[in-house]
Amino acid sequence: MKKDHAQLSADFNANEPRVNWHDETLWWIRQKRDKAANTLPEWEELREAASAVKYHTLSNLSEYLQQFEANAHRNGITVHWAADAAEHNHIVCTILKEQGIKRIVKSKSMLTEECHLNPYLAENGIEVIDTDLGERIVQLADEPPSHIVLPCIHKKKEEIGELFHEHLGTAKGEADPQVLTAAARLHLRETFLTRRGALTGVNFAIAETGEFVVCTNEGNADMGAHLADVHIACMGIEKLIPLRQHLGIYLRLLTRSATGQPQTTYSSHFRSPRPGQQMHIVLVDNGRSTQLGREEFRNSLKCIRCGACMNTCPVYRRSGGHSYHTAIAGPIGAILAPNLDMKQYADLPFASTLCGSCSNVCPVKIDIHDQLYKWRQVLMKDGQGGAMKTASMKVMNFTLSSPGVYRTAGKAGRWFLRNVPFVVNNPLNPWYKQRDMPEAPQQSFGEWYKQNRKQ
Amino acid sequence: MRVGLFIPCYVDQFYPNAGIATLQLLEKLGVEVVYPANQTCCGQPMANSGYEHLTEGCNRLFVDQFGDFDYIVSPSGSCVLHVKDHLHLHDREAEATVVRSKVWEITAFLTDVLKVEKLPGRFPHKVGLHQSCHGQRGLKLASMSELVAPKFSKPLQLLNMVEGLELIPLKREDECCGFGGTFCVTEEAVSVKMGKDRVEDHLEHGAEYITGTDMSCLMHMEGILRRKNSNVKVMHIAEILNAGS
């Protein structure tokens, strides 16, 4: 059986100094986000506006999608529709094969991670080089990204040095970030110049103009798209916004939330192919319509993939992105993944204390922690809790629904704790493993009250 | 004003002193307080585990026990939040709605309803305030570090009235302690790590006591403190507000 979030987190926590390092690194980014947010007195109004525009868009999604398709078509872009991951992968592969392209560059796209495009193309004889530095690093390590904005945040610079030594021929033991980045740049530059196909993600697609915007800090999307004969942009259907003027709201929020920068270094608008170039957009559903139909979870589609909920999540910081065993980790991943597969991701909505910090940092005001709670209800009603958990919950309900049973059980429990503590003070009790049990008092509050106050 | 005292199940069983302090504090402030004897639990342990559909028995009991009071007051932000957000009864929804609207966490009740401006207490110790998430972010007992908004804190406002109390600063003012209900056992590794980190922040800043509005967070941190043989104690905020008078 595959390990669940709790087991994967326990593995991650076997190395406590590493957990501390991971936690501190992400907390530092969270603090940068706070600083950036506080430079804008209108921050909370911006979040409200961003949320409202997305709500409106999602409520009228089919119309905006058709408007976008028509305008993109007018701009000379070929628009494809993919119902699911398989169709998306097939479309991309077919475009490349028709052009005889066997090697492509790809800038960051979480959608292609979600669809497992890289292995699919590899099976079909097409090599993909990820050009986002973080993604390139995890690609060399043959790992999935652990964070949607910072794909290799789980790796220390020494480990990256080791990888580069092995794959790019840097000196053994070289761990200076500047030297390593220079080596990666050299290696990628050669790649950019020789690839005829470029794939990018999409941060925002504008219905009004039929254009799309790709945000990167490294300029790698532009470099790929500008040099290639064929540019394929893959986007989830929820990436749409109605008007170009709405972009200002999101561009101000996105990177401040993500890394604490005022803007991404590059916010590139793609509107039409240059002469001789082909430009394709693949609009992907892959469960999004289903989620749109789940009223309680619809808001999750507002997500602009800033990763702020991951950086702030005290669980994510101490369990690492891979513990979520899905392309999009953290709190947002935990409310998106069960929509795709309830059985496989039944553990994720429970990987939270429901502290609510995620909802507070979310730039589009997704009620993430409330949705985690709601997913728990849906999953348990669907039978994903198993017979044992359901049975123990029924016992708990029986005890707590009857004051007499509750009082007797409480008294007995405290008696056992005082007189035969080894019943609970043993390794079978997960509380006791690293924590002492509370002391059991002689009297409950109820018993004290009966003795000390007139009834 | 008649107040029904709602003492959460685990406080009743393990931390009666927090309940006694809440009662005495309210009595001292001239409030008529009654503890309905047949109360048990708000149902949150089941609901947070995904079994809200099994909480009808708890909900019915709660409405029966507390329906008649002007206010329902409790020394737990988390349990109060659960009642506020999730207490429903399909056949008595009007009554449930009233109950949801009149349940109060103790510190908010003191600052917002009783509008307490001074307290007679004395507690000459270094105290760290743990912001329990459900009270802070759920009931909005205090401003939150994520939001761009004016700063305030109801628990702090009250602690500042206690003579001799020295509040210690924290590196992370409102990070979760990792208790999280059943999370503390189902996700044991992360829960404990979160608890250790939170406790460390208080220890590094010289706390003699860690206090807060939820005994559950404090129970979790107490378990960690005692395992490392620390002398630092946890104490519910009502016990501090009620101390030395």
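**View 1. The largest nonpolar core and its best-connected members.** In this predicted model, the largest nonpolar core holds 178 residues, and A:Phe212, A:Met235 and B:Val73 are the ones that touch the most other members. Helix α12(B) gives this core its largest share, seven residues.

**View 2. A closer look at A:Met235.** Let's stay with A:Met235, one of the residues that touch the most other members of that core. Setting aside its neighbours within four places in sequence, A:Met235 is in contact with A:Leu111, A:Gly201, A:Val202, A:Ala205, A:Phe212, A:Ile281, A:Leu283 and A:Val284. Another core, of 12 residues, lies apart from the largest one, and its members include A:Ile29, A:Ile153, A:Ile160 and A:Leu163.

**View 3. Where chain B meets chain A.** Each chain brings 58 residues to the contact. On the chain B side, at least two residues each come from α1 (9-14), α2 (16-28), α3 (44-48), α4 (56-66), α8 (133-138), α10 (183-186), α11 (188-204) and α12 (215-227). Which helix supplies the largest share of this side? That is α12(B), with seven residues. Sorted by class, the side of chain B that touches chain A comprises 31 nonpolar, 16 polar and 11 charged residues.

**View 4. Chain A as the setting for these close-ups.** Chain A contains 22 helices and 10 strands, and its C-alpha trace spans about 90 × 55 × 45 Å along the principal axes. Of its 455 residues, 47% count as buried. Among the contacts in chain A with a separation of 6 or more, 72% join residues 24 or more positions apart.

Notes. Residues are numbered from 1 along each chain as its sequence is written. Chains are lettered from A and ligands numbered from 1 in the order in which they are written. This is a predicted model: local features need pLDDT of at least 70, side-chain atom pairs count only at pLDDT 80 or more; totals for chains, interfaces and linings use all residues. Two residues are in contact if their C-beta atoms, placed from the backbone, lie within 7 Å. Helices (H or I, at least four residues) and strands (E, at least two) are DSSP runs, numbered from the N terminus. Ala, Val, Leu, Ile, Met, Phe, Trp, Tyr, Cys and Pro count as nonpolar, Asp, Glu, Lys and Arg as charged, and the others, Gly among them, as polar. A nonpolar core is a set of buried Ala, Val, Leu, Ile, Met, Phe, Trp, Tyr and Cys residues joined through C-beta atoms within 7 Å. A residue is buried if 20 or more other C-beta atoms lie within 10 Å of its own, exposed if 12 or fewer, and partly exposed in between; C-beta atoms are placed from the backbone.
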